[in-house]
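Please look through the sequence and the structure below before reading the report, which goes from the whole chain to its interior and then to its rings.

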Amino acid sequence: MYLKKYQIKVVDALKQFLHTARETKTSFDVAKQALPENMRHTLNWVQTTFQNTNLEYKDRCTNGLGNYYPRVNIKVPTGGGKTLLAVEAIREYQNIFAQKRTGLVVWIVPSETIYSQTVQKIRDKSNALRQLLDQCSGNRTIVLEKGQKLTTNDIEENLVVLFVMIQSISRTNGKEALKVFQDSGGYDSFFPADNRYDLHKQLLEQIPNLDYISALGEEQPLIMTSLGNAIRVAKPLIIIDEMHKVFSDNARKTIDGLNPEMVLGLTATPKENMNILVTITGLELKEEEMVKLDMHILPPISKQEDDWKAMVKEIKEHREKLENTAKQYQKDRGAYIRPTALIQVEATGKDQRGKGRVHSLDVKEYLISLEVNPDEIAIKTSSQNDIEDINLFSQDCPIRFIITKEALREGWDFSFAYILGIIPNVNSNTGVTQLVGRILRQPFAKKLGVKELDESYVYYSKGDTRNILDKVATGFKNEGLEDLVTKVKFRDNEDINANKTVKIKKELNKKFQNSFYLPVWLMVDDNDNKRHFNYNIDIKPKIDFISFELSAEFIKSVENSLSDETKDRKAFAITLNDESKAAFVEETSKSNGTAEVNIDYLTRRLNETIDNPFQSRVISEKILKQLEEIIGQDKIKEHFSFVASQVTKEYVKEKVKQEESIFLKLLEDKKLVLAVSDNEESGFKVPDKDIITVNTIPNTYKYYLFDDVELSTMNSLEKKVGDILDKQETILWWFRNRTSKNWYSIQGWQKNKIRPDFVAAKKNKNDELELVYIIESKGEHLLGNVDTTYKKKVLDIMTEQKKQEKIKTYQTQIPFEEFVVNDKVECYLIEQGKEEEGLKRLMK
């Protein structure tokens with residue numbers, strides 16, 4: 001069978017590893033004989049094998065016998081022919097490492113669909129994959145499934161390939177729950193007769209991790225006759241497809257407990273601690289013509305919001321054009337292709353129709369109204385499977401549209417699928433990421449030389465372009481094709497969603513570098529040592545909760561608030577009316593909670609604010625004593641949740657009050673200063689570069705500080721602010737601040753830092769720097785809330801520092817005329833609805 005270049009690369013890596021493993025293990029086996037038996041397990045031949053093959057050894061595993069064994073993985077993207085690679089791995093393992101034609105291979109697969117497809121291929125003696133195995137075994141291959149009889153004679157005289165579903169070993173509820181370990185018939189030949197307790201004892205001593213009915217050491221030890229035990233005795237090669245799905249601690253222990261000689265995993269998305277033998281990239285698949293790329297993303301053409309019918313109509317017409325092209329290809333080349341469309345809907349199931357979501361039957365009926373033959377439409381859901389037992393590749397198969405919600409997410413291989421249509425909103429639709437992979441496989445695993453038939457297409461009817469692109473990119477990553485993301489194209493063939501690095505414009509960097517230093521709060525001691533102001537060091541330890549007392553006014557207000565309303569709630573009862581029909585009746589219900597004073601509950605609530613469990617407990621005891629004396633224990637019991645809530649709010653208010661007071665006192669005592677500095681440790685400078693996602697929307701901003709801007713991530717208010725800034729006559733430069741670690745932030749008196757939205761520089765009449773503005777924009781719905789009020793206070797104090805000429809400058813470089821760190825900085829909060837008025841006032 002002809003192998004692709006990347007498949008040859010995999011086989012070569014396997015051969016090298018297996019040769020080294022065989023030689024190393026043989027040498028170590030000889031060396032072990034010179035060691036006492038209790039020390040032999042310390043020799044790790046696997047580690048030496050990895051060292052000699054220059055591979056990272058992360059996953060250090062031992063089997064149930066305490067012996068080291070190799071667990072290696074091949075990273076190969078979806079559509080890379082993992083079944084063929086698994087067969088080649090078995091062949092090379094038998095020839096090089098096991099050095100025999102017989103034995104047991106346990107082949108674990110991830111889903112019902114892949115399970116049935118793989119078993120069908122390997123059972124079929126006319127299939128090329130089965131023939132490769134038969135060559136390896138000398139035409140003595142037995143294919144078994146869990147539940148079928150297995151004997152020692154089978155594995156001594158044949159190559160037995162046993163298929164197991166991945167769920168059988170990946171559950172986390174212990175091996176007792178796993179069917180593969182259940183006691184069952186059909187495996188008697190692996191174990192002594194039930195009455196030969198001496199032989200049972202002998203076998204348990206050799207293989208101590210066998211499941212047993214009676215343990216070793218009891219008078220009559222007895223081993224279970226289970227498939228799990230048969231596998232342990234046989235010490236198999238284990239092949240695992242989608243290895244990342246069984247890489248939890250529990251799953252790995254289960255695999256270890258099967259006593260494998262070696263485990264080979266295949267995965268498109270390896271976990272961090274896996275041993276990777278060889279990596280195949282998406283580009284290697286593309287070069288071998290295995291995937292339908294480019295992929296085209298086609299946004300809605302309808303002006304109407306959420307017009308799924310317009311999308312389905314366009315898909316229908318597009319599919320017909322592809323089929324006409326495919327018919328011509330068949331005439332020219334003799335190869336049959338039937339381009340098929342997958343359509344994802346919002347709802348399936350009989351009881352889900354007519355609830356405001358697009359149902360599978362809605363789409364089917366609409367396609368029929370477009371004169372599509374009903375026989376050409378199939379629905380594939382968890383409850384309805386119109387494609388079950390149908391050969392979709394057959395020329396007799398009429399199916400051209402497959403409607404699904406989630407049922408085709410994984411394990412479905414149909415290379416005639418060219419178009420994906422997405423009806424659910426792509427902003428929240430997680431299924432897209434997996435459905436993308438279903439249209440990527442290239443028919444016949446080679447390019448056809450016809451552009452339309454060598455590419456794939458994704459339509460969507462609802463949601464933002466950026467979101468569909470993110471979902472497609474994630475889909476590529478999940479399929480192991482992350483390096484091919486830039487092969488996705490937008491309607492009109494515009495390349496999208498590649499990352500690029502942008503830098504500060506050269507002319508601005510050269511002339512106005514001094515304006516890139518922004519003010520930060522610094523603590524300065526008596527020796528003029530400086531460090532960043534820190535909430536956890538400078539504010540939090542100074543908050544005094546112990547001395548704080550609840551005021552008589554507060555306690556009185558709580559007492560006056562205690563009424564039936566604080567313990568009653570509105571509820572509904574279902575009853576029968578006079579006509580014996582069900583009806584809803586509104587009623588008032590008392591709280592079902594126990595009436596009690598729970599000091600632990602109050603302690604937990606207060607600790608959310610105080611962040612000191614010991615203090616919280618002491619304060620809780622003091623508060624309850626105070627309240628019980630004034631209000632009375634019985635009343636507090638009845639309304640305890642309400643009282644605890646009110647007390648907690650009072651402590652939050654006190655915390656906020658003290659935080660601000662501590663900050664202002666530090667400022668008054670000149671221990672806290674606002675400063676700009678070119679010192680990397682104490683100052684802040686705007687980053688020289690940024691990484692953005694390539695936009696389909698061109699950058700129209702003339703005065704943006706960087707070469708390009710990521711417009712798609714800006715909300716409507718931010719875009720409006722940007723538009724206004726860019727049009728001002730006095731604008732020198734501006735940029736939108738990031739919320740990530742290395743970008744500008746302001747530490748105020750509360751714990752969370754303020755991350756302003758914009759920074760803008762204003763020029764004077766001589767085109768020289770006049771002032772830098774730090775701007776926080778707030779939506780109308782956020783005005784007046786506590787967070788916005790706090791931010792405005794902090795920004796106002798910073799601006800006042802500038803106006804009073806109290807901003808300090810600490811410059812390490814020699815202050816030549818062209819490079820004097822700028823200290824003319826003001827900070828403002830801009831309200832939505834007043835952004836134009838406010839910004840024009842600043843920039844006039």
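## The chain as a whole

In this predicted model, buried residues account for 51% of the 844 residues in the protein chain. The secondary structure of the chain comprises 25 helices and 33 strands, and the area that the chain exposes is about 41,600 Å², of which carbon and sulfur atoms supply 45%.

How do the contacts spread along the sequence? Of the contacts in the protein chain between residues at least 6 apart in sequence, 71% join residues that are at least 24 apart.

## Two nonpolar cores

The largest nonpolar core has 111 residues, and the members that touch the most other members are Trp 107, Ile 239, Met 295, Val 363, Leu 367 and Ile 423. A second core, separate from that one, holds 92 residues, including Ile 543, Phe 554, Met 714 and Val 772.

## Aromatic rings

The structure contains 29 aromatic pairs. One cluster, linked through ring pairs, brings together Phe 516, Tyr 701, Tyr 704, Phe 706, Trp 733, Trp 734, Phe 735, Trp 743 and Phe 758.

## Charges over rings

Rings also take part in another kind of arrangement, in which a charged side chain lies over the face of a ring: Arg 252 is placed in this way over Phe 247, at 4.1 Å from the ring centre. In a further example, the ring of Tyr 810 has the charged end of Lys 530 over it, 4.4 Å from the centre of that ring.

Note on methods
Residues numbered from 1 in each chain as written. Predicted model: local features only at pLDDT ≥ 70, side-chain atom pairs only at ≥ 80, totals over all residues. Heavy atoms only, no water. Helix = DSSP H or I, 4+ residues; strand = E, 2+ residues; numbered from the N terminus. Buried < 20%, exposed > 50% of the residue type's maximum accessible area, 1.4 Å probe, protein only. Contact = heavy atoms within 4.5 Å. Areas by Shrake-Rupley, 256 points an atom, 1.4 Å probe, with all protein chains shown as cover. Core = buried A, V, L, I, M, F, W, Y, C linked by side-chain atoms within 4.5 Å. Phe/Tyr/Trp six-rings, centres within 6.5 Å; stacked < 30°, edge-to-face > 60°. Lys NZ or Arg CZ within 6 Å of the ring centre and 35° of its normal.
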